[in-house]
Amino acid sequence: MIRRDKKLEKKIAKERIEILLERAHKFKEKDISLARRYVELAMKISSKYRVQIPPEFRNTFCRKCYTPFGAETVKIRLDHGTKLIRCMSCGFARKIQYRNKRTF
Ligand SMILES: [Zn+2]
């Protein structure tokens, strides 16, 4: 029986996620379906190997339809400490707190 090197697996998974997401953003203007596929694969690898999406990519694509966000695919609204990120291709919205309410 071959022992799985989980640390190495995670390292490779993280590298693959980064490469896939970089490519997704490279191809989002040329071929949106290919870009979506890259994001989908990155998400699959992330859940299979329990590796988090790197923070610099965390809010750069839609979690529902996997569309990478660009100038025409996302709308961002700020409202009382909440950032609302809405995907323009499926309408899915995510809310992110950007200000701690207890500080004022
Ligand atoms: Zn979407």
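Trainee: What order do the elements of the protein chain run in, from the N terminus on?

Mentor: They run α-α-β-β-β. That is 2 helices and 3 strands. Helices (H or I, at least four residues) and strands (E, at least two) are DSSP runs, numbered from the N terminus. This is a predicted model, where local features need pLDDT of at least 70, side-chain atom pairs count only at pLDDT 80 or more, and totals for chains, interfaces and linings use all residues. Residues are numbered from 1 along each chain as its sequence is written.

Trainee: How do you know that the span of helix α2 agrees with its number of residues?

Mentor: Set the ends against the rule. The expected span is 1.5 Å times one less than the number of residues. Helix α2 holds 17 residues, 32-48, so it should span 24 Å. Its end C-alpha atoms are 24 Å apart, which agrees.

Trainee: Which residues of α2 are called buried?

Mentor: A35, R36, Y38, V39 and A42 are. A residue is buried if 20 or more other C-beta atoms lie within 10 Å of its own, exposed if 12 or fewer, and partly exposed in between, with C-beta atoms placed from the backbone.

Trainee: What puts the buried residues on the same side of α2?

Mentor: They cover an arc of only 155° around the axis, so they share a side of α2. The arc is that of the directions from the helix axis to the C-beta atoms. An α-helix has 3.6 residues a turn, so residues three or four places apart point the same way.

Trainee: What covers the buried residues of α2, and which residues are exposed on the other side?

Mentor: The cover includes α1 (6-27). On the other side, S33, K44, S47 and K48 are exposed. Just after α2, R50 takes a positive phi of about 50°.

Trainee: Now the strands. What makes β1 and β3 edge strands?

Mentor: The 3 strands form an open sheet in the order β1-β2-β3, with antiparallel pairing. β1 (74-79) and β3 each pair on one side only, and that makes them the edges. The twist averages 20° from one strand to the next.

Trainee: How do you know that β1 and β2 pair?

Mentor: Two strands pair if DSSP finds at least two bridges between them. Here 6 bridges join β1 to β2 (residues 82-87). R77 stands opposite L84 in β2, and K75 stands opposite R86. The two strands form a hairpin with 2 residues between them, and H80 in the turn has a positive phi of about 45°.

Trainee: How many bridges pair β2 with β3?

Mentor: There are 5, in the antiparallel sense. In β3, I96 is the bridge partner of K83. This hairpin has 5 residues between its strands, and G91 in the turn has a positive phi of about 85°.

Trainee: Why is A93 called partly exposed?

Mentor: A93 has 13 C-beta neighbours inside 10 Å, so it counts as partly exposed. A93 is found in strand β3 (residues 93-97). Leaving aside neighbours within four places in sequence, A93 is in contact with L84, I85 and R86. Contact requires C-beta atoms, placed from the backbone, within 7 Å.

Trainee: What radius of gyration does the protein chain have, against a compact globule?

Mentor: The chain has 16 Å, but a compact globule of 104 residues would have a value near 13 Å. The radius is taken over C-alpha atoms, and the globule rule is 2.2 Å times the number of residues to the power 0.38. Along its principal axes the C-alpha trace spans about 55 × 40 × 20 Å. Buried residues make up 17% of the 104 residues.

How values were computed: Two residues are in contact if their C-beta atoms, placed from the backbone, lie within 7 Å. Axes are lines fitted to C-alpha atoms, for helices over the stretch in contact, and angles run from 0 to 180 degrees between N-to-C directions.
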